[in-house]
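Please look over the sequence and the model shown here. The report below goes through several of its parts in turn.

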Amino acid sequence: MSTVLLSANQLSVRFGGVLAVKEVSFEVRAGEVFTLIGPNGAGKTTVFNLISRIYNPTSGTIDYAGPQGMLRLTDQPPHAVAALGIARTFQNIELFEFATVLQNLLIGRHTQRRSNFWQDLFFTPSVRAVELEARQKAEEVIEFLELQHYRDSLVAGLPYGVRKVVEMARALCAQPRLILLDEPSSGLNVEETDDMAFWIQDICQELGVTILMVEHDMSLVSKVSDRVLAMNQGEILALGTSREVQSDPGVIEAYLGSVSDVSSLRRPVVRSGSHP
Amino acid sequence: MIQFFQMTLSGISQGCIYGLIALGFVLIYKATETVSFAQGELMMMGAFGGLAAMTWLGLPYWLAVLSAIAAMTLFGVILERVVIRPILGQPAFSVVMLTIGIGYVARGLITMLPNIGTETHVLPVPYKDEIWKAAGLVINVEQVVVIGATAVLCALLFALFRYSKLGIAMQAASQNQLAAYYMGIPVRGLNGVAWGLAAAVAAIAGLLLAPITFVHANMGLIGLKAFPAAVVGGFGSLPGAIVGGLIIGIIESLSGFYLPDGFKDIAAYVVVLLMLVIKPNGLFGEKLRKKV
Amino acid sequence: MRFRFKTDYEQDIRLAKHGGHQFWYGALMVALLLAPWVIPEYWLAQLTFVLIYSIAGLGLMLLAGFTGLFSLGHAAFLGVGAYTEAVLTNAGLPFPLALSCAAGLSAAVGLVVGLPALRVRGIYLGMATLAFGFIVEEGLARWDSVTGGNSGIQIKAPEIVGTTLSSGTQFYFLCLLITILATLAILNILRSPTGRAFVAIRDSEISAQSMGIHLARYKTLSFALSAALAGIAGALYAHKLQFISPDQFNILQSIDLLLMIVIGGLGSVHGAFLGAIFLIAMPQAISIFKDYLPDTIGQAPGLQSVVYGSVLVAFVLFEPMGLYGRWLKVRTYLETFPFYRKGMFKRQKSFQKSDRLR
């Protein structure tokens, strides 16, 4: 029985009159791939933003097994989250547009810095050593995700698919214990999605990072997820393995759609010979 | 006590001027999310335009006013087309610098006009130097005209944005340009309209201010006080601009009278700093937070 | 065409990245060191001003170009530094001590001015800094007893280790030394985690937070550092002019500083220097060309305004990357000749989407 890394307890958040997340509770175990699915507006990214502490919950808490033991994540400021070992990617790509890919990755390593401002000002040998080490680690991630070609390009000119991968690379550079992936395969073609599936499995199995992701591509979800949580309109619909959730009637109703629907849309076949 | 009312009245009148210039800022900001530092200079040009129409062309007051406003509106549209449109994708700061540059050019060109630019001129308005006496107060008609004109203008603009297709289209284009394009809204044309409207408002402000401060090339520096007005009201809110202007005008007027020397000049800035501490988005401003 | 063959991560960290860099910057250093014996005294004084404005420009470039925080009242820090230096030097303090105090006090004021930055963004921050600029200017004018009010004060020559630097050449070398140190400091910061944190804040605050960057701390740091550099520049400015008054540090001076970094090239260290050269050279160029223009234009008082404004407008319209950007394009053209492609530096067209919605 693996340990619980993150647990959300009765999380709710209200924006003005809208209750975006309604008493959501779930647990993420160490070493697993946990996926959130659901239609748009279900509150999945909002849950991510709650974990990243970009939003404050109206009620409920999140507990996290930090480096020094369990702590209440909802008490932490946003910039402390990365140092605790939680990294994330963003749905609409929040890269540093006017920096190169390499610089983006090096910024990702910010939590690993060991120098203060004055040492930076004089660029002491210790800063130089840390810089070289950071570069080494960033290069390892570049090699892992095959970004060598784009290393020195400004992010602003890169195609969408590459940017998604750079987002993931940047999150990996923080050497996280938990990584939040927000729709990693959106905008990727079939081949790139296959690559993404392999990378997610590698991140989980080789690097030992727990993955919490939001995803719409059901085949990817089936392929990599250990457990799936389906949400709709801020509430939980179902929780279980991928197969269990995908066959849950409530989930099919709200999100997946049943197979028979499609056949009623099929156009009748025109027999040859009946053409004028 | 009389003094207090007197000061408040002149503060309201001055505040209306600030409010009108701030209104121009906010119009442009709402339409194109850019800040234009050239509003002060546009006001100055409007005043000079009115002066030219009244003295050179010898037009009667109302005709001169209308022609000056029309000319400035056209100028605003042309300015947008030639100078602003090409740079619309660029970071906000570059646009600000551009408008500062435009302001410099406008001020310099007016100053360069031989004999006219460097002098202070009097604008011959029909209500010049007229005074009303009521309840012991001496009321300057010029100030009353400012307040009245501002009220009328605000009502017109409110009607424009609330009830007319043009106003709604402008708001739509300001919130999401791409969606507005898809809906068939001529976004670029609307930007021109916004600038033209802002220039017209600035011209009106200039024509209203001219009888009080006279027409000269450095009139536009009042624009620097109108910025705090827009911020206090909340950038992005049209009524906020006027309210902000009034607040700044009144506080400035009262501090000039009751506080030691020098406070009058910085009153506007102290107010804006206080506002940014208490309510960072201004009185009616919207919360700026990017949704990720 | 030049290809850089990299064999070591050190090469990307070093300041002078390849032989070409080392050669040209070395030549520049030699030229600057020999300047007092080569160029006439008037131009040496102008060069000194270029160095002084470059230091201020470096500070503002760090704040606006690299951290994305636009300060519309930067002249206030210049003024604080200038007056601190003036008062302390007149009281007899040696130069290094007075300069450190000027830098320190400016940094403290920068910290205070930076406080709004923690809560507001964009135009609101610009307004706050503008407001501070006016208040500081007024304060300097009103605080008669210390600053001499609107009539200004005179400053004695700087004194280091007992010797007074009174000649133009001596002062030039002092400015050159401080400029070099300031440039090295900025370059060091930019290649270290602190500098990258600044750039992160500029490009995406939310993302930066998620990477563990403490926004408040770094924004405040950026303001303080930028103000300290402006303070140092102000101190040197005071010594150079030997007389200062509050109206030298008004909104027009702030706009001049911004003009400098925009025309120089926002977001590059070179831009600060190119902008400073432009700022000092422009009035000289105008006064030379004035004689070739008809009197109505040449002698008109508004000419400088028109030229400044037009140049600024022209740069924003046609060369948004500034002088440094233009130099990059020229250099790329020469380096990749004849394979230079027209669209190499073209930025993608972006549709404006309001950031205002919650």
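The buried residues of helix H2 of chain A are A:Val101, A:Gln103, A:Asn104, A:Leu105, A:Leu106, A:Ile107 and A:Gly108. A residue is called buried if 20 or more other C-beta atoms lie within 10 Å of its own, exposed if 12 or fewer do, and partly exposed in between, with C-beta atoms placed from the backbone. Helices (H or I, at least four residues) and strands (E, at least two) are DSSP runs, numbered from the N terminus. Because seven of the eight residues of H2(A), residues 101-108, are buried, this helix is largely enclosed by the rest of the structure. The buried residues of H2(A) pack against helix H4 (125-145) and helix H5 (160-173) of chain A, and also against helix H9 (193-203) of chain C. Contact here means that the C-beta atoms of two residues, placed from the backbone, lie within 7 Å.

The model is predicted: local features need pLDDT of at least 70 and side-chain atom pairs count only at pLDDT 80 or more, while totals for chains, interfaces and linings use all residues. Residues are numbered from 1 along each chain as its sequence is written, and chains are lettered from A and ligands numbered from 1 in the order in which they are written.

**A residue of helix H5 of chain A**

A:Val165 lies in helix H5 of chain A. A:Val165 counts as buried because it has 22 C-beta neighbours inside 10 Å. Leaving out residues up to four places away in sequence, A:Val165 touches A:Leu145 and A:Leu147. From A:Val165 to A:Leu180 there are 15 residues in sequence and 14 Å in space, C-alpha to C-alpha.

**The sheet of chain A**

Six strands of chain A form an open sheet in the order E6-E7-E8-E3-E9-E10, with mixed pairing. Two strands pair if DSSP finds at least two bridges between them. Strand E6 (86-88) and strand E10 (235-240) of chain A stand at the edges with a single partner strand each, so one side of each has no neighbour in the sheet. On average, neighbouring strands of this sheet are turned by 15° against each other, direction ignored. Axes are lines fitted to C-alpha atoms, for helices over the stretch in contact, and angles run from 0 to 180 degrees between N-to-C directions.

How many residues of strand E3 (residues 33-37) of chain A are buried? Five of the five are, so E3(A) is largely enclosed by the rest of the structure. A:Val33, A:Thr35 and A:Ile37 point one way from E3(A), whereas A:Phe34 and A:Leu36 point the other way. In a regular strand the side chains alternate between the two faces of the sheet.

E3(A) runs parallel to strand E8 (residues 210-214) of chain A, joined to it by four bridges. Four bridges also join E3(A) to strand E9 (residues 227-232) of chain A, again in parallel. The table lists bridge partners of residues in E3(A).

| Residue of E3(A) | Partner | Strand of the partner |
|---|---|---|
| A:Thr35 | A:Met213 | E8(A) |
| A:Thr35 | A:Val228 | E9(A) |
| A:Leu36 | A:Leu229 | E9(A) |

Helix H1 (residues 44-51) of chain A lies across E3, E6, strand E7 (178-182), E8 and E9 of chain A, and runs at about 145° to E7(A). Helix H9 (residues 249-256) of chain A packs on the sheet as well, where it touches E3, E9 and E10 of chain A. The direction of H9(A) makes about 125° with that of E10(A).

**Chains B and C**

Between chains B and C, 53 residues of chain B are in contact with 46 residues of chain C. Helix H4 (92-112), helix H6 (165-175), helix H7 (177-182), helix H9 (223-233) and helix H11 (263-278) of chain B are the elements that give two or more residues to the side of chain B that touches chain C. H4(B) supplies the largest share of that side, 15 residues. By class, the side of chain B that touches chain C has 31 nonpolar, 14 polar and eight charged residues. Ala, Val, Leu, Ile, Met, Phe, Trp, Tyr, Cys and Pro count as nonpolar, Asp, Glu, Lys and Arg as charged, and the others, Gly among them, as polar.

Chain C has 16 helices and four strands. Of its 358 residues, 46% count as buried.
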